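Student: I am new to this structure and would like a close look at a single part of it. Please take one helix, say how it sits against its surroundings, and then go on to the side chains and backbone details that deserve a second look.

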Amino acid sequence: MTVKQRVSDAEAMEALGAAFADACGDTGCRIYLQGELGAGKTTWVRGFLRGFGYTDAVKSPSFALIEQYDLRGQVIVHLDLYRIADLEELEWIGMRDWFDRDTVCLVEWPERGARMLPAPDLHIQLDYDLPGRHFSAIGHTRRGQALLARLNLP
């Protein structure tokens, strides 16, 4: 199953992220986000976290590599692999522990850690379609397909 949509602005991108959070519910999943710099990956993640009730500032973990959130009894980790210099850094931050648990893993720039990351449940691609963005999501597993089936788009 694939979902495609044109997204007009940052507010719409956040609303889309919140819709995915609602569809995700309280189950873990692996969501990988790809797109050029500035395409809206972190904006989508901000909306996803807002959908889980997070109200503080959402920053891209470009330098820390990972941010963890405990929201509504669900552990959500946001990884940004843009600045990863060595795949061993993923081991140092305990990547296997995150992907072995029933955690929601949101990974920006997954292609930079492709040899170490498990397959995603859901792959999101964001592309420029000025003045907005083109959004597509593909469910790769039963879990990803079920999430897309529950999705109520804004």
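**One helix and its surroundings**

Tutor: In this predicted model, helix α5 covers residues 142-150, and its buried residues are G144, L147 and L148. Viewed down the axis of α5, these buried residues fall within an arc of 95°, so they line one face of the helix. R142 and A149, on the other side of α5, are exposed. The next point is what the buried residues meet. Those of α5 pack against two kinds of element: the helix α1 (10-24), and the strands β1 (2-7), β2 (29-35), β6 (122-129) and β7 (132-139).

Two of these strands, β6 and β7, are joined by a loop, and P131 lies in that loop. The peptide bond between L130 and P131 is cis, with omega about 15°. As background, most peptide bonds are trans, and most residues other than glycine have a negative phi.

The second half of that background applies to two other loop residues. R72 is placed in the loop between β3 (66-71) and β4 (74-80). Its phi is near 50°, a positive value, and R72 is not a glycine. With a relative accessibility of 54%, R72 passes the 50% cut-off and so counts as exposed. W109, in the loop between β5 and β6, also has a positive phi without being a glycine, here about 60°. Is W109 buried or exposed? W109 has a relative accessible area of 9%, which is under the 20% limit, and therefore it is buried. Over the face of the W109 ring lies R112, at 5.1 Å from the ring centre.

The residue numbered just before W109 is E108, which lies in strand β5 (residues 104-108). E108 counts as buried because its relative accessibility is 2%. What does E108 touch, leaving aside residues up to four places away in sequence? The list is L33, K41, T42, V45, S60, H78, L79, D80 and L81. With H78, the side chain of E108 makes a polar contact of 2.6 Å. E108 and G35 are 73 residues apart along the chain, while their C-alpha atoms are separated by 8.5 Å.

Aromatic rings come next. The structure holds six aromatic pairs. Ring pairs link F20, W44, F48, F52 and F135 into a cluster. Of the elements that the buried residues of α5 pack against, α1 spans 10-24 and β7 spans 132-139, and these ranges take in the positions of F20 and F135.

That leaves the cysteines. How many disulfides are there? The count comes to zero. C24 is in no disulfide, and the nearest cysteine sulfur, that of C29, is 3.5 Å away. For C29, likewise in no disulfide, the nearest cysteine sulfur is that of C24, again at 3.5 Å. Why does this pair not count? A disulfide requires two cysteine sulfur atoms within 2.5 Å, so a separation of 3.5 Å does not qualify. Both residues count as buried because relative accessibility is 2% for C24 and 3% for C29.

Terms used: Residues numbered from 1 in each chain as written. Predicted model: local features only at pLDDT ≥ 70, side-chain atom pairs only at ≥ 80, totals over all residues. Heavy atoms only, no water. Buried < 20%, exposed > 50% of the residue type's maximum accessible area, 1.4 Å probe, protein only. Helix = DSSP H or I, 4+ residues; strand = E, 2+ residues; numbered from the N terminus. Arc of directions from axis to C-beta. Contact = heavy atoms within 4.5 Å. Phe/Tyr/Trp six-rings, centres within 6.5 Å; stacked < 30°, edge-to-face > 60°. Lys NZ or Arg CZ within 6 Å of the ring centre and 35° of its normal. Polar contact = N/O pair within 3.5 Å; in protein donor to acceptor, adjacent residues only side chain to side chain.
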